[in-house]
Amino acid sequence: PADVVTMGETMAMLSTPRIGLLRHAASLDLSSGGAESNLAIGLARLGHRVSWVGRVGADEFGALICRTLAAEGIDCRSIVDPAAPTGLMIKARRTEAVTRVSYYRSGSAGSRLSPQDVDTALVSRARVLYLTGITPALSGTAREAVRYAIDVARRAGVLVCLSLNYRQALWSEQAAGAEFAELVTQADLVFASEAEARLVVGGDTVEDLAAELSALGPRQVLITRGARGALAYVDGEVLIAPAYPVSAVDPVGAGDAFAAGYLSATLDGMSIVDCLDRACLAGAFAVTVPGDWEGLPDRADLALLRAEDAVLR
Ligand code: ADP
Ligand code: KDG
């Protein structure tokens, strides 16, 4: 059985190799990305058994996604949907600091995920189910799939983890806030940025926001704060961790990496302090490279950001 089961949409990704307008790019780099599969890669690199479930089109992009996930050691449970193409995401670095993401995913195979795609045996035997707030924004059936997977996990006593991951291109703050408020009550562990937490609850400080989210049900709430680090609120106790100092080239994917680090340490039975530390380490690795997941660390890498020497021989 898998340690972690995750489900969502992974898209093909085209990105500009240089800074500037997309229209001037003479060539584009081809890769893939998706919040849940990024998380899966992060966990697989750290040695955990992960299954990813999602729909892809009967096309080369779909093949690319399965090939990538399999190469990363993930149990790829892709469902080939001949009725729709694999979704596409375009990333252009407009300036050194600003990345623009455009989606070509409406009506995509990934968005056609439905409750029938949830393998109840796979989910019930896992230790963790990881879902994001992106999936319910994709379609009515995708939203039902999320709810069904959570029901199955809860009935089997599987830890339900939810990353809010608000994507403004997909839905309004109001619609997302209402959906998140319901999903949070069903989760054991919630990852959110401060802005995402504010879609659901109010509060003057980050601690207040975490406490309010936890009051809705989850025993553990993690608030990610980019280069400012993160905060954990567990059983009423607050823990704060600074970010590891790195020079960031692309912030996309940091949240997925953070979640992978946190869940990896949780599966290893580590203390909350150590879970938070591994989460921040993984988050820092993710921002050091242009891709969404390519910079994710393996076990040996975890010691690197703490290393004294810049050159390891
Ligand atoms: P998201 O990708 O969901 O917006 P964040 O940007 O808050 O999430 O990043 C998640 C975590 O990754 C942060 O809490 C932090 O630990 C780490 N991280 C993000 N950006 C940086 C950065 N510039 N330098 C170091 N660590 C970072
Ligand atoms: O979390 C990083 C993601 O933004 C990315 O890899 C693609 O799943 C994605 C999305 O919907 O933005």
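Which elements each supply at least two residues of the lining of the largest cavity? In this predicted model, the answer is β1 (4-7) and α3 (120-125). Just 1 cavity of 30 Å³ or more turns up in the structure, and the space inside the largest cavity comes to about 40 Å³. Its lining is made up of V5, M7, V53, D117, V118, D119, L122, V123, L129 and A149. Sorted by class, that lining has 8 nonpolar residues and 2 charged ones, with no polar residues at all.

Now for the pockets. The largest pocket has a volume of about 1,200 Å³. A total of 47 residues line the largest pocket, and P251, V252, G253, A254 and G255 are the ones that lie nearest its centre. Several helices and strands take part in this lining: the helices α1 (35-45), α6 (194-198), α8 (254-267) and α9 (272-287), along with the strands β7 (99-104) and β10 (189-193), each bring in at least two residues. As for the make-up of the lining of the largest pocket, 27 residues are nonpolar, 12 are polar and 8 are charged.

The second largest pocket holds about 230 Å³ of space. It is lined by 15 residues, and the ones closest to its centre are S15, T16, D29, P290 and G291. Here the elements giving two or more residues to the lining are strands: β2 (11-15), β3 (29-33) and β6 (88-93). Of these, β3 provides the largest share of the lining, with 3 residues. The class split in the second largest pocket runs to 4 nonpolar, 5 polar and 6 charged residues.

Set side by side, the three linings read as follows. Nonpolar residues number 27 in the largest pocket, 4 in the second largest pocket and 8 in the largest cavity. Charged residues number 8 in the largest pocket, 6 in the second largest pocket and 2 in the largest cavity.

One last residue gets a look of its own. D208 sits in helix α7, which covers residues 206-215. Is D208 buried or exposed? Neither label fits: its relative accessibility is 33%, so D208 counts as partly exposed, a class that lies between buried, under 20%, and exposed, over 50%. Along the chain, D208 and D256 are 48 residues apart, and 23 Å separates their C-alpha atoms.

Key: Residues are numbered from 1 along each chain as its sequence is written. Chains are lettered from A and ligands numbered from 1 in the order in which they are written. This is a predicted model: local features need pLDDT of at least 70, side-chain atom pairs count only at pLDDT 80 or more; totals for chains, interfaces and linings use all residues. Side-chain values use heavy atoms; hydrogens and water are left out. On a 1 Å grid over the protein atoms alone, a cavity is a set of points where a 1.4 Å probe fits but cannot get out, and a pocket is an open set with protein on both sides within 12 Å along at least five of seven lines; lining residues have an atom within 4 Å of a point. Grid points are joined across faces, edges and corners, and a volume is the space filled by probe spheres set on the points. Helices (H or I, at least four residues) and strands (E, at least two) are DSSP runs, numbered from the N terminus. Ala, Val, Leu, Ile, Met, Phe, Trp, Tyr, Cys and Pro count as nonpolar, Asp, Glu, Lys and Arg as charged, and the others, Gly among them, as polar. Buried means under 20% relative accessible area, exposed over 50%, partly exposed in between (1.4 Å probe, protein chains only).
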